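Please look over the sequence and the model below before reading on. The report that follows takes up strand pairing, helix packing and backbone geometry in turn.

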Amino acid sequence: MAIKRILIVEDDRFIGEMYVRSLKKAGYDVDWMVDGNDGLIAARNKPYDLMLLDVMLPERRGGEILQILRGGAQDLIPGTKVIVLTNFDQTEDARQSMEEHADGYLIKAEITPKKLLAVIEKMSQAS
Amino acid sequence: MEVNDTKKAESEQVNRFWPNHKRRIIAQAIASQIFIGVIAIGAMVFLYPSLPPNAWMLLIGLSAVALIISFLLILSAMRPLKDLSAALVHVAGEQSALTPPNLNDDRYQKNHLRPLLKLIYDIATSQTDSTHKIKGQDSSLDIPAQLNHTSTGVIMLDSNKQIIFANKSAPISIDAKAYKSLDLIFDVDPSINDWIAERGQHDIHAEKVWRRVANKLTGEPDRRLFDVYASYEKGSEAETIVTLFDRTSEYQPEDDDLDFIAFAAHELRGPITVIRGYLDTLNDELAAITDPDQKELFQRLMVSANRLSGYVSNILNASRFDRRHLKIHIGEQTVADIYSTISDDMQMRAAAQQRLLSVSFPDSLPTVAADLNSISEVFANLIDNAIKYSNDGGSIEVSAATNGDFVEVSVTDHGIGMPANVIANLFHKFYRSHRSRETVAGTGIGLYISKAIVESNGGKISVKSVEGHGSTFTLSLPIYATVADKLAKTGANNDVFLERSSSGWIKNHGAFRG
C-alpha cells in the first residue's frame, strides 16, 4: 500500500510548515495538527497512511498518544505507519518504549525534508 | 561541665559524712547523759533529801563511769562506720585526713568488716575497668547495631565473596533466596565484584577506591551517589570490607547541570532543524538560477549548519557519558553502511574547504558489532578534524583493514600534525592545543566523546602524528562474528525499521569485550 495521506502532529510552527510544504510539493495529502489532543482525534477519525509524531507536544505528549493508539490489546490504527520525529533527548526507557510502538524514530535536527521524503518513499515501497 | 560539677559535689559530701556524723553522735551522747544525770539527781533529792554525803559521792562516781563506758561503746560501735566511710572517700578519689583501711589489717578480720571493705574496693575496680573498655574495645559492645547509626555504608564479605554483614546504610538487595548482592551500577572496569574476584590470586592486602558510583540510573527515585572504598585482607574472617560514603549532595548538583545541558541542546536543535531543512530545500529549488559563486555560499551555509548539528550531538553524548548514561544500540553493521549515513555531508564539507576526501573499504571486510548512530558520529568527528587540520587542496584518506578480532578504520590527513605533548592530552575533555585554538574553530569535545563512544562499543581509538606532516586516527571495532555469542546473551534481537541491524540494549559494554 503506497503512502498517500499523511498526518503531521508538530507544535513548532516553522518545523511544521517546513514539512507540510515539502510533503505537499512531493504530492502527498497532508493534514497538520499542532497539539496532542487534536493529533490523537485526527489519527482516530481519518484513515491516514502515515503519521509523523512529535514527542514534546502540548495537551498530550507523543508517547501518550502512541500508547493509546498502539499500546492496548488492539492496534487502533492498523492501517497507519508511525514515524516519531523529535529533537528531545528522551530517557532511554521512554525512547525504547516509543520505538517499540513506532515504525521509525528520527531526530529532526539530523534529517532534512529531503531525507524525510527518502525515508517515506522507502517505507512506501516496503509496505 | 554541669555533670562534672554534680559529681564533684557528691564526692565532697561523701568526704564530709564522717566528721559530721561523728560530731552529731558525740553531741547526742553527751546531751543524753546530762539529761539522764539531771533527772537522776533531781529524783534523788526529791525522794531522799537527807542522803549522806558518801552516798552522793558514790552516785556521782557511778554516773561518771557510766558516761565513760557509754562513750567507749559509742566509739567502738562507730569504728566500722568510720572505716567504711574512709574506704568510700578513698574510692571516690577525694583528699581526706582519714587513712584508707588496709584489707590485710587483722582488725578487719576480727570485726568481720573485711568482706564489706573488699566489696567496696572490688566494685570501684570493676567500674574503672569498664570505663577503659568502652574507650577501647569491648566484646560486649554491639558493634553491628551501632553501625546502623551511621550514614556510611559498611559491608563485609567472607572468603567466598558472600556478604556476611551489611549495615542499614549499605545499598544491598536481597533476592528471593536471601542472597545478598551489592546494589550499585559500576560503569568502569573493573567493577567491585570483578576486583574482589581477582584478589586472593596475587594479593595479601589490597585497596581500591571508586568515585561517583550510583545505586540507580539517572531519573530513578532514591538515586544515591557513593564513593566506594574496598580493602582486602587475605585470611581475615571478613576478607573484604567495603565502606560507602554517600556523596549525593555533592554530586547531584553536577547532574542537574548536565540535565540543563540536555535541555539546552534540545532548544538548540529546533532552529538547527529549520535552518538545515530550508537550506537543503532552497539549495534544490534555486539550483537553476544560482551561479557557481552563490552555490558555494549555499554549500558553506549547509556545512556550517551540519557542523552545528554535530556539535550539539557531541555535547549531548558527552553529557550522557558523564552521567554514565550513554547507552548504545549494538548490531551487525558493515563499515561502508556506517559511512554511507554521513557520506554526503562529509563530501560536502571536504568540497567546501577544497579538500579531497577519498574513501575506500575492501569488499572482503567482515561485518562489525557497532552502534550505527554513535559510530557514524565518531567517523564524522574524525573526518571533520582531518578536514579542519589539513591544508587547502590537501587529501584525506579513509580506509579499513582487519587486524586480529577487530576491523580498524583509519582517517589520514597530510596537514599540520601534532607534537607528542599535544597527543598525550588529545582525548581529554575541552582540550585544544595552543595552535588549534588560534587557527581552527571547535569545542574540544569531539575527540573526548569519540574515545568514549568507541570504547563503549568495545573498540579502541589511537593516533599517530608527525608535526608538519599530518596525522592518522585509527579506531577499532570488534568483528561481529567474534562477539555475536556474547551479544545474543545481552539482549533481545528486535529488528528496527530503517536499520537492517539487530539491536540489544547493553548496560555493561565491557561485557562483550574480547
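In this predicted model, B:Ser358 has its bridge partner in β11(B), and that partner is B:Glu397. The pair belongs to the contact between strand β9 (residues 356–360) of chain B and strand β11 (residues 395–403) of chain B, which run parallel and are joined by five bridges. On to the next neighbour: β11(B) also pairs with strand β12 (residues 406–413) of chain B, here in the antiparallel sense and over eight bridges. Within this second pairing, B:Thr402 is matched with B:Val407 in β12(B), while B:Val398 stands opposite B:Val411 in β12(B). The strands β11(B) and β12(B) form a hairpin with two residues between them, and in this hairpin B:Gly404 takes a positive phi near 65 degrees.

These strands are part of an open sheet of five strands in chain B, whose order is β9-β11-β12-β14-β13 and whose pairing is mixed. At its edges lie β9 and β13 (460–466) of chain B, each of which pairs on one side only. From one strand to the next, the twist of the sheet averages 15 degrees. As a general matter, strands of a sheet pair through backbone hydrogen bonds, either parallel or antiparallel.

Chain B also offers a pair of packed helices. Helix α8 (residues 292–322) of chain B and helix α11 (residues 372–388) of chain B pack at an angle of about 125 degrees, and their axes are 11 Å apart. With that angle, α8(B) and α11(B) are therefore oblique to each other, and α8(B) passes α11(B) in a left-handed crossing. On the side of α8(B), the residues that meet the other helix are B:Arg307, B:Tyr311, B:Ser313, B:Asn314 and B:Asn317, and their counterparts in α11(B) are B:Glu377, B:Asn381, B:Asp384, B:Ile387 and B:Lys388.

Turning to chain A, there are five helices and five strands, and along the sequence they follow the pattern β-α-β-α-β-α-β-α-β-α. Chain A has 127 residues, of which 50% count as buried. Among its contacts with a separation of 6 or more, 60% come from residues 24 or more positions apart.

Three helices of chain A can be set side by side by their buried residues and the arc that these residues cover around the helix axis.

| Helix | Buried residues | Arc |
|---|---|---|
| α2(A) | A:Gly36, A:Gly39, A:Leu40, A:Ala42, A:Ala43 | 165 degrees |
| α3(A) | A:Gly62, A:Ile65, A:Leu66, A:Leu69, A:Arg70 | 100 degrees |
| α4(A) | A:Glu92, A:Met98, A:Glu99 | 130 degrees |

In α2(A), the buried residues include A:Gly36 and A:Leu40. Seen down the axis of α2(A), the buried residues fall within an arc of 165 degrees, so they line one face of the helix. The face turned away from that buried side carries the exposed residues A:Arg44 and A:Asn45. Among the elements that cover the buried residues of α2(A) are β1 (5–9), β2 (29–33), β3 and α3 of chain A.

Helix α3 (residues 62–70) of chain A has A:Ile65 and A:Leu69 among its buried residues. Because the buried residues cover an arc of only 100 degrees around the axis, they are on the same side of α3(A). They pack against α2 (36–45), β3 (50–53), β4 (81–86) and α4 (92–101) of chain A.

In α4(A), A:Glu92, A:Met98 and A:Glu99 are buried, and since these residues fall within an arc of 130 degrees when seen down the axis, they line one face of the helix. On the other side of α4(A), A:Asp93 and A:Glu100 are exposed.

Two loop residues deserve a separate look for their backbone angles. Most residues other than glycine have a negative phi. Against this background, A:Glu59 has a positive phi of about 70 degrees although it is not a glycine. A:Glu59 is found in the loop between β3 and α3 of chain A, and A:Glu59 is exposed, with a relative accessible area of 60%. In chain B, B:Gln354, likewise not a glycine, has a positive phi of about 55 degrees. B:Gln354 lies in the loop between α10 (343–352) and β9 of chain B and is partly exposed, with a relative accessible area of 41%.

Note on methods:
Residues are numbered from 1 along each chain as its sequence is written. Chains are lettered from A and ligands numbered from 1 in the order in which they are written. This is a predicted model: local features need pLDDT of at least 70, side-chain atom pairs count only at pLDDT 80 or more; totals for chains, interfaces and linings use all residues. Side-chain values use heavy atoms; hydrogens and water are left out. Two strands pair if DSSP finds at least two bridges between them. Helices (H or I, at least four residues) and strands (E, at least two) are DSSP runs, numbered from the N terminus. Buried means under 20% relative accessible area, exposed over 50%, partly exposed in between (1.4 Å probe, protein chains only). The arc is that of the directions from the helix axis to the C-beta atoms. Contact means heavy atoms within 4.5 Å. Axes are lines fitted to C-alpha atoms, for helices over the stretch in contact, and angles run from 0 to 180 degrees between N-to-C directions. Angles under 35 degrees count as roughly parallel, over 145 as roughly antiparallel, 65 to 115 as roughly perpendicular and the rest as oblique. A crossing is left-handed if the near helix is turned anticlockwise from the far one by less than a right angle, and right-handed if clockwise.
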